[in-house]
Amino acid sequence: MAAVAQRVEVPVQTVEASAFCVPTDAPESDGTLEWGSTTLVLVEISAGDEVGLGWTYTSAVAAQLVNETLGPLVAGRSALDVGGATRAMRVALRNIGYPGLGAMAASAVDIAFWDLKAKLLELPLASLLGPVRDGVPVYGSGGFCSYSDERLAEQLSGWVAEGIPRVKMKVGREPGRDVARVRVAREAIGEDSALFVDANGAFTAKDALDFADAFSHFGVSWFEEPVSSDDLDGLRIVRERAPAGMDIAAGEYASTPADIRGLIGAVDCLQADVTRCGGVTGVLAAAALAEAHQLDLSGHTAPAIHSHVLSAIPRLRHLEWFHDHVRVERLLFDGLCEPHEGVISFDRSRPGLGIELKRADAARYEA
């Protein structure tokens, strides 16, 4: 016991952030944005002979924020003091701006801290958090508005062929084509697979209701961000009037528990993104709010991290197996777990997140 205590009660030695910009494999767009690359900001925290990894998906500017402001707050603290570090970062970001970019930078540090703590305790992160399930259901996510109908059908049907019975596509960029695209998707995946759509806030409430009715004829059961997450009244209207069997979801841009709390009553399922909402600590807070209000939680992207965290969530719907992040994480990391029959399970044989940076491979993408 003394040896274990000596191993884990060590101070954080270094905190370093770096950014990697990975081009997409094809032009991508959703209802409100177009992009050609994905940037991952990685945080590495060392203590003793272990290094914890955490990351977020945002501008490379977040790495500078970690290196200049957040890292010095964390260095020297006990490697077990996740709560203290999280609180210190929130205070330090008050005038800089915690929501958005600040929250993403702090999320990456929080995740790295949790990974480090689990490694020092020689436990998988999910085991440290206390798993309540053996695996996390996933849904394939992509179906970008920039895709041809052929590419859309190929991607969605590919996930179904791999055993993932739930898939999501983007809508809202060319509304006049959306119903036809949803028809293509349904024909590609068959009648037995769940079909989700995501407008990324592209519609007004009235337009969203029109599309919800049209999409319902193709068995769409999940309508994500039909209007902006900032439009809480609009979300409530769509939720109250959407066809039976169609859930309304939002929450991926939440930075704080207060953001999550504001969505209660406006959605059927809450979303949280570990890389945006305060890291592991933030997802646990979101899950507590969801449970208190008898709502399910769905994890937004970053599957390598969420596969651990969501294993410890009491009321869980599923996890987004997002094309971009799956691809980036495969390029940059070793030790990733893959879904089997639509479920992803954490590796019980490896401590922490169970992954390592492929430094030689990652170097070509460093920003």
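## The largest pocket

Strand 2 (34-47) gives the most to the lining of the largest pocket, with 4 residues. This is a predicted model, in which local features need pLDDT of at least 70 and side-chain atom pairs count only at pLDDT 80 or more, while totals for chains, interfaces and linings use all residues. Residues are numbered from 1 along each chain as its sequence is written, and side-chain values use heavy atoms, with hydrogens and water left out. Helices (H or I, at least four residues) and strands (E, at least two) are DSSP runs, numbered from the N terminus.

The largest pocket has a volume of about 490 Å³. If you would like to find its centre, look for L33, W35, Y253, R276 and F322, which are the closest to it of the 21 lining residues. Besides strand 2, both strand 11 (316-322) and helix 13 supply at least two residues of this lining. By class, the lining has 5 nonpolar, 9 polar and 7 charged residues. Here Ala, Val, Leu, Ile, Met, Phe, Trp, Tyr, Cys and Pro count as nonpolar, Asp, Glu, Lys and Arg as charged, and the others, Gly among them, as polar.

A word on the terms: on a 1 Å grid over the protein atoms alone, a pocket is an open set of points with protein on both sides within 12 Å along at least five of seven lines, a cavity is a set where a 1.4 Å probe fits but cannot get out, and lining residues have an atom within 4 Å of a point. Grid points are joined across faces, edges and corners, and a volume is the space filled by probe spheres set on the points.

## The second largest pocket

The second largest pocket has a volume of about 280 Å³. It is lined by 16 residues, of which W159, E162, W321, V326 and R330 are the closest to its centre. Two elements, helix 6 (149-161) and helix 13, give two or more residues to this lining. The lining divides into 5 nonpolar, 5 polar and 6 charged residues.

## Cavities inside the model

How many cavities of 30 Å³ or more does a search of the whole structure find? There are 3 of them, and the largest has a volume of about 110 Å³. The lining of the largest cavity has 15 residues, with P303, A304, E329, L336 and C337 the closest to its centre. Helix 12 (303-309) and helix 13 (323-332) are the elements that give two or more residues to this lining. Helix 12 gives the most, with 4 residues. The class count for the largest cavity is 9 nonpolar, 3 polar and 3 charged residues.

## Cysteines

C337, one of the residues closest to the centre of the largest cavity, counts as partly exposed because its relative accessibility is 24%. C145, by contrast, is buried, with a relative accessible area of 8%. Buried means under 20% relative accessible area, exposed over 50%, and partly exposed in between (1.4 Å probe, protein chains only). The model has 0 disulfides, a disulfide being a pair of cysteine sulfur atoms within 2.5 Å.

## Loop residues worth a look

Two residues other than glycine have a positive phi near 60 degrees: E122 and T301. E122 is found in the loop between helix 4 (98-120) and helix 5 (125-129), and counts as exposed because its relative accessibility is 58%. T301 sits in the loop between strand 10 (296-299) and helix 12, and is buried, with a relative accessible area of 2%.

S229 lies in the loop between strand 7 (220-224) and helix 9 (232-241). At 16% relative accessibility, S229 counts as buried. Its side chain makes a polar contact with the side chain of E225 at 2.4 Å. A polar contact is a pair of N or O atoms within 3.5 Å; within protein, one must be able to donate a hydrogen and the other to accept it, and residues adjacent in sequence count only if both atoms are side-chain atoms.

I164 is in the loop between helix 6 and strand 5 (166-170), and is buried at 2% relative accessibility. The C-alpha atoms of I164 and P137 are separated by 8.6 Å, with the two residues 27 apart along the chain.

## Confidence

The mean pLDDT of the chain is 97, and 98% of its residues reach 70 or more; pLDDT is the predictor's confidence in each residue, from 0 to 100. Which element has the lowest mean pLDDT, and which the highest? Helix 1 (residues 2-8) has the lowest, at 57, and strand 6 (residues 194-198) the highest, at 99. Where pLDDT is low, the predicted coordinates should not be read in detail.
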